[in-house]
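This report describes the fold of a single protein chain. Please consult the sequence and the coordinates shown here alongside the text.

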Amino acid sequence: MDKISQSVVKKDHATKISGRSVYVADYPSEGVLCGKLLHAKVARARVVRVEVPELPEGYFYVDAKDVPGDNNVNIVLDDTPVYCRDTVEYIGEPIAMLCGPDEAEVERLRDACRVVYEELEPVLDLRAATETFFDYHYGHGDVDGAFAEADAIYDEEFETGYQEQAYLETQGMMAEPEESGRMFVHGSSQCAYYIHGAVARALGCGPSGVHILQDVTGGGFGGKEAFPSILGCQVAVAARKCGRPVRCVFDRREDMEYTSKRHPSLCRYKVAVKDGRVTAMDIDVVFNAGAYSTLSAVVLQRGIIAAPGVYDVPNLRVHGCARKTNTSPCGAYRGFGAPQTFFAVEMMMDHIARDLGVDSLAFKQAHLVKQGDSTSTCGRYHFPVPLPAMIEEVETACSYREKRAAYAKPQTGRYRRGIGMSLYFHGAGFTGSGERDLIKAVAKLRKYRDGTVEVLASNGDIGQGVRTTFPKIVAHELNLPLDKVFYDHPDTARVPDSGPTVASRSLMIVGELLRRAAIHLREVWVDGEEQEVEERYKEPDFMIPFDITKFDGDAYPTYAWAVNAIELEIDTLTGTSKVLGAYGSFDVGTPVDYNIVLGQMEGGFLQGIGYASIEKMDCDDKGRIRNNSFSDYLIPTTKDVPNLRCMLHVEKYPDGPYGAKGAGELPLVGAPAAYLEAVEQALGGSSLHHAPFTAEDTLAVIAKEGV
Ligand code: MOS
């Protein structure tokens, strides 16, 4: 193992494990007003008026009229309001914030507000939705010709549901007006500079009029990529009006019902096969964006770029759209659009193989891309594609082929077994030219007179360990003990914009900037002096420039790869399934800390198994999310998958630090297909088309088809 991979104790281990970490909810309440949002109770309506009860002294009602700047939150587009405009577009949309010193009184006042609505017909069903936020087309080759010449054409639709991030710490932000007039906003978040831009715009001040600190954050998983910008604007506007610090921390029900989740999807695949090979795919992807566009453009882009999977598809046509419904806006969640399409393409390949009477894994292997091949967007796989070796690693761990053959034989009795496998990648870093054109990351190192070195960057530790791995890289290059290098939570008043904590980019992109900065600092190091060095992102020379209007070029500089196998046993009486083993080989390049990366792989894989099996969330006929607690929305625990085996396959990436690639999102992406393929086997060869696939779904198949 490389020295850099050897695990260390995480920098925040002691404070977190002892309970001393200060989260936004933990700051003392003295002098701080409690903010509670008045959420819309109907899915679509004109707000005629709000009858606000008489407010005791020191209590405030804050709404759109109090926004000093622009009542639009700066996300990708600016359609999300800070506080609602004259309509509400989903149940939960923030109409106003009630603020005051006593939490119970604030709640009482909030609940006493009477909103007079003129109700409008909401659009709740994705299939019936007609308003499109984003619509993309791309492809290559002669798709119609390939379909005309095909021996067989397959046409199937796959559906996936919501997934809730279920971070331990709910959303929470706090705003404090400073004496200088500057607004200080801090809280649970991933992207300090996103919030910075959004709050400055809402307050109508320049960038120096605000600063943003990421507080200790109890998990993000994408859920704190954009949402804190909205809540940050709301508390900042409230604090400006009240002239006092205002804090708003969501309770679990608010968080589960009203914050962003993974986009539900419908993916239709039409596939042409000739002489036993896939010759064309015609793919139609529809994402449920919810009521505002937030991050749907970029989530959809990643989803459709991944749509043909890890396969060489000579003729390809892809259409993707994100439609508006009157439901809570969907957003980022680990995997960012790719879990939906990878589920569909993997199931599709499996179904075609079954119909052709060939082994699913062999069929997939015969179509694998390899180094030098074109990507879906006519970029190139510049680096080795290690999937064949990784398949064998998983095979060695679980005797996949033998079990797959054994479970394919007719099974009898109450308990039936199955095993499935998925092959997939995750594009490392931002999609397309985002890193080069939008982010332009800058990272710095500041050396103090005593020889300690501080990392200055804007990437937040959300459990993935950058507070440890960033200093580890710097200490490694400077040959310093790890305790001489530190990285505090980013505050935009002190750190440059090294970009958001998203897209599995922090370690690969910013980690590499820090490695180069450390080498630079080593070269100019003078004892006893304060020194500062800076590095700026430069796109690697090998990249084929990406054109987002045509979906043409390298969508990602490189890819992380994975192979997942899931073996399970189904109880045909209760419909429940027990995962007997989940095996993953993951290539995220060099781990810049073995235990941290392994923890990411295990956690993500388990999260993916939850997405595949038990994490079901839906709306009632009024548009209200029905699963708003951990008793109505189940997530897996380690007990559910006792035999979880993750292996690291290292294919070094020359432009990442020590060969590291993006890691965080990869492990979640492939679980649904591996899981569903296993369920199909256990149920005697049914064709399944949706995830999550719950015990109720299993019983429904048994009732319909018998097993
Ligand atoms: Mo991430 S799902 O790119 O915040």
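The sections below proceed from the whole chain to individual strands.

## Overall architecture

The model is predicted. Its chain is made up of 18 helices and 24 strands. With a radius of gyration of 25 Å, close to the 27 Å that the globule rule gives for 707 residues, the chain is as compact as a globular protein of that length. Along the principal axes, the C-alpha atoms occupy a box of roughly 75 × 70 × 50 Å.

Among contacts with a separation of 6 or more, 81% link residues 24 or more positions apart.

## Burial, surface and charge

Buried residues make up 62% of the 707 in the chain. The exposed area comes to about 25,600 Å², of which 50% is supplied by carbon and sulfur atoms.

The chain carries 74 positive and 101 negative charges. The mean positions of these two sets lie 2 Å apart.

## Strand β10 and its partners

Strand β10 spans residues 183–187, and 5 of its 5 residues are buried, so the strand is largely enclosed by the rest of the structure. In a regular strand, side chains alternate between the two faces of the sheet. In β10, Met-183, Val-185 and Gly-187 point one way, while Phe-184 and His-186 point the other way. Residues of both sets are buried, where the cut-off is under 20% relative accessible area.

β10 pairs with strand β9 (residues 172–177) in the antiparallel sense over 5 bridges; within this pairing, Met-173 has Gly-187 of β10 as its bridge partner. The two strands form a hairpin with 5 residues between them. In the turn, Gly-181 has a positive phi of about 100 degrees. β10 also pairs with strand β11 (residues 210–214), here in the parallel sense and again over 5 bridges. The bridge partner of Phe-184 in β11 is His-211.

## A three-stranded open sheet

Which order do the strands of the open sheet of 3 strands follow? The order is β4-β2-β6, and the pairing is antiparallel. β4 (87–88) and β6 (114–119) each have a single partner strand and stand at the edges, so one side of each is left without a neighbour in the sheet.

Strand β2 (residues 45–51) is joined to β4 by 2 bridges, and the two run antiparallel. Arg-46 stands opposite Thr-87 in β4.

Note on methods. Residues numbered from 1 in each chain as written. Predicted model: local features only at pLDDT ≥ 70, side-chain atom pairs only at ≥ 80, totals over all residues. Heavy atoms only, no water. Helix = DSSP H or I, 4+ residues; strand = E, 2+ residues; numbered from the N terminus. Rg over C-alpha atoms; globule rule 2.2 N^0.38 Å. Buried < 20%, exposed > 50% of the residue type's maximum accessible area, 1.4 Å probe, protein only. Contact = heavy atoms within 4.5 Å. Areas by Shrake-Rupley, 256 points an atom, 1.4 Å probe, with all protein chains shown as cover. Lys, Arg positive; Asp, Glu negative; His and termini not counted. Charge placed at Lys NZ, Arg CZ, Asp CG, Glu CD. Pairing = 2+ DSSP bridges.
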